[in-house]
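New to this one? Take a moment to turn the model around on your screen, and then we'll walk through it piece by piece.

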Amino acid sequence: MSCELTQRFVSGYLDGELDLVRTIEMETHLKNCAVCSRELENQQALRDALRRGSLAYAAPAALRERIQSSLNASTRDVPKRTRSWSTLPIWQWAAAFAVLAVCSVTAWQFAAGVHTPSNDQRIAAEVFASHVRSLEANHLMDVASTDQHTVKPWFDGKLDFSPPVEDLASDGYPLVGGRLDYLQGREVAALVYQRRKHFINVFVWPDGSGLSLARAVESRQGYNLMRWSRSGFQFWAASDISAPDLAEFVRLLEIRVSP
Ligand SMILES: [Zn+2]
């Protein structure tokens, strides 16, 4: 049996629909052909996945009707009593199965995309919660100092990285301290800056994703969030200062932390 013929009969073989002679020919070929036996394994794996439901996503009734009506349209000229689902040729079953499989996977990915918050949204929720907690719990700073040469060494031995610490007092955003915080399942540095009576938390942790420009992530309940990456670190700033003020602060900090 040729490869072409073998691969065409794989579905029928898996469904036990081949006669004895064909089955023996198939198995003889599969024993000696890596390409075809891989094809068999792939189809088996797809079937198992669909049966387990790990890929399955119920196709909407409208889709079922569309497939049914397009199959009906393509067989309209054939007398009805000779056609039914059980007598459809195997290639039509295969086509319908393929359409359903593709739709299932697409719908599943679509559903996953719609209902799963992006990574940025998940981090934003954690940053927002940490910022609010630091203000409410009166636990803004573990080390209170306006001197970056005091704050930076304070992190030594407490974190497995050394965060960049810059004072922006000359620009109206003095550094007032720092603390350890916990985000994304790891310890991070939180640097605290002040703008008049408002505080800005800057969360810093190592990030291999390279340089990305600062952008506002979101504002909620009067707080603004911005994120950026630089010098191998990811930065998140949270504050209740106005969005333009926070953007200015971030721009100044970006300049100080050279890439
Ligand atoms: Zn083959």
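What follows is a short tour of the sheet, the cores, the salt bridges and a couple of individual residues in this predicted model.

## The sheet

Let's begin with the strands. Seven of them line up in an open sheet, and the order across it is β1-β2-β3-β4-β7-β6-β5, with antiparallel pairing. At the edges you'll find β1 (143–144) and β5 (212–220). Each has a single partner strand, so one side of each is left without a neighbour in the sheet. If strands are new to you, here is the general idea: strands of a sheet pair through backbone hydrogen bonds, either parallel or antiparallel.

## A closer look at β6

Now zoom in on β6, which has a partner on either side in the strand order. Six bridges join β5 to β6, and seven join β6 to β7. In both cases the strands run antiparallel. You can pick out some of the pairs by eye: Ser-212 sits opposite Ser-229 in β6, and Ala-216 sits opposite Met-226. Met-226 also has a bridge partner in β7, namely Ala-237.

The turns are worth a click too. β5 and β6 make a hairpin with two residues between them, and Gln-221 in that turn has a positive phi of about 50°. β6 and β7 make a hairpin as well, again with two residues between them, and here Ser-231 in the turn has a positive phi of about 50°.

How many of the residues of β6 are buried? Eight of its eight, so to speak a strand that is mostly covered. Tyr-223, Leu-225, Arg-227 and Ser-229 point one way from the strand, while Asn-224, Met-226, Trp-228 and Arg-230 point the other way.

## Two nonpolar cores

The largest nonpolar core has 42 residues, and the ones that touch the most other members are Leu-191, Tyr-193, Ile-200, Val-202 and Phe-249. Quite a few elements chip in with at least two residues each: the helices α7 (119–136), α8 (148–154) and α9 (243–256), plus the strands β2 (175–183), β3, β4 (198–206), β6 (223–230) and β7 (233–239). Apart from this core lies another one, of eight residues, including Leu-18, Met-26, Leu-30 and Cys-33.

Ile-200 is a handy place to stand if you want to look around the 42-residue core. Leaving aside neighbours within four places in sequence, Ile-200 is in contact with residues that include Leu-191, Tyr-193, Ala-237, Leu-246 and Phe-249.

## Salt bridges

The count of salt bridges comes to eight. One of them pairs Glu-4 with Arg-8, at 3.5 Å from N to O. These two are four residues apart in helix α1 (residues 3–8), which puts about one helical turn between them. Glu-4 is exposed, with a relative accessible area of 58%, and Arg-8 is exposed too, at 53%.

Another bridge reaches further along the chain. Asp-160 and Arg-186 meet at 3.0 Å, N to O. The pair links distant parts of the chain, 26 residues apart: Asp-160 is in the loop between α8 and β2, and Arg-186 is in strand β3. Asp-160 is exposed, with a relative accessible area of 68%, whereas Arg-186 is partly exposed, at 24%.

Then there's Glu-254 with Arg-230, whose closest N and O atoms are 3.9 Å apart. Glu-254 lies in helix α9 and Arg-230 in strand β6, so this bridge ties together parts that are 24 residues apart in sequence. Are these two buried or exposed? Glu-254 counts as buried at 12% relative accessibility, and Arg-230 is buried at 14%. Elsewhere, salt bridges with shared partners join Asp-120, Arg-215 and Arg-227 into one network.

## Two residues to visit

Arg-195 is in strand β3 (residues 186–195). What is the nearest side chain of opposite charge to Arg-195? That would be Asp-245, 4.1 Å away. A salt bridge has to be within 4 Å, and Arg-195 has none, even though Arg-195 is buried. Its side chain does reach the backbone oxygen of Gly-172, at 3.2 Å. Beyond its neighbours within four places in sequence, Arg-195 is also in contact with Tyr-173, Ile-241 and Glu-248, among others.

The other stop is Trp-93, in helix α6 (residues 90–115). Trp-93 is partly exposed, with a relative accessible area of 41%. Its C-alpha atom is 9.7 Å from that of Ser-11, although the two residues are 82 apart along the chain.

Note on methods
Residues are numbered from 1 along each chain as its sequence is written. This is a predicted model: local features need pLDDT of at least 70, side-chain atom pairs count only at pLDDT 80 or more; totals for chains, interfaces and linings use all residues. Side-chain values use heavy atoms; hydrogens and water are left out. Buried means under 20% relative accessible area, exposed over 50%, partly exposed in between (1.4 Å probe, protein chains only). Lys and Arg count as positive and Asp and Glu as negative; His and the chain ends are not counted. A polar contact is a pair of N or O atoms within 3.5 Å; within protein, one must be able to donate a hydrogen and the other to accept it, and residues adjacent in sequence count only if both atoms are side-chain atoms. Contact means heavy atoms within 4.5 Å. A nonpolar core is a set of buried Ala, Val, Leu, Ile, Met, Phe, Trp, Tyr and Cys residues joined through side-chain atoms within 4.5 Å. Two strands pair if DSSP finds at least two bridges between them.
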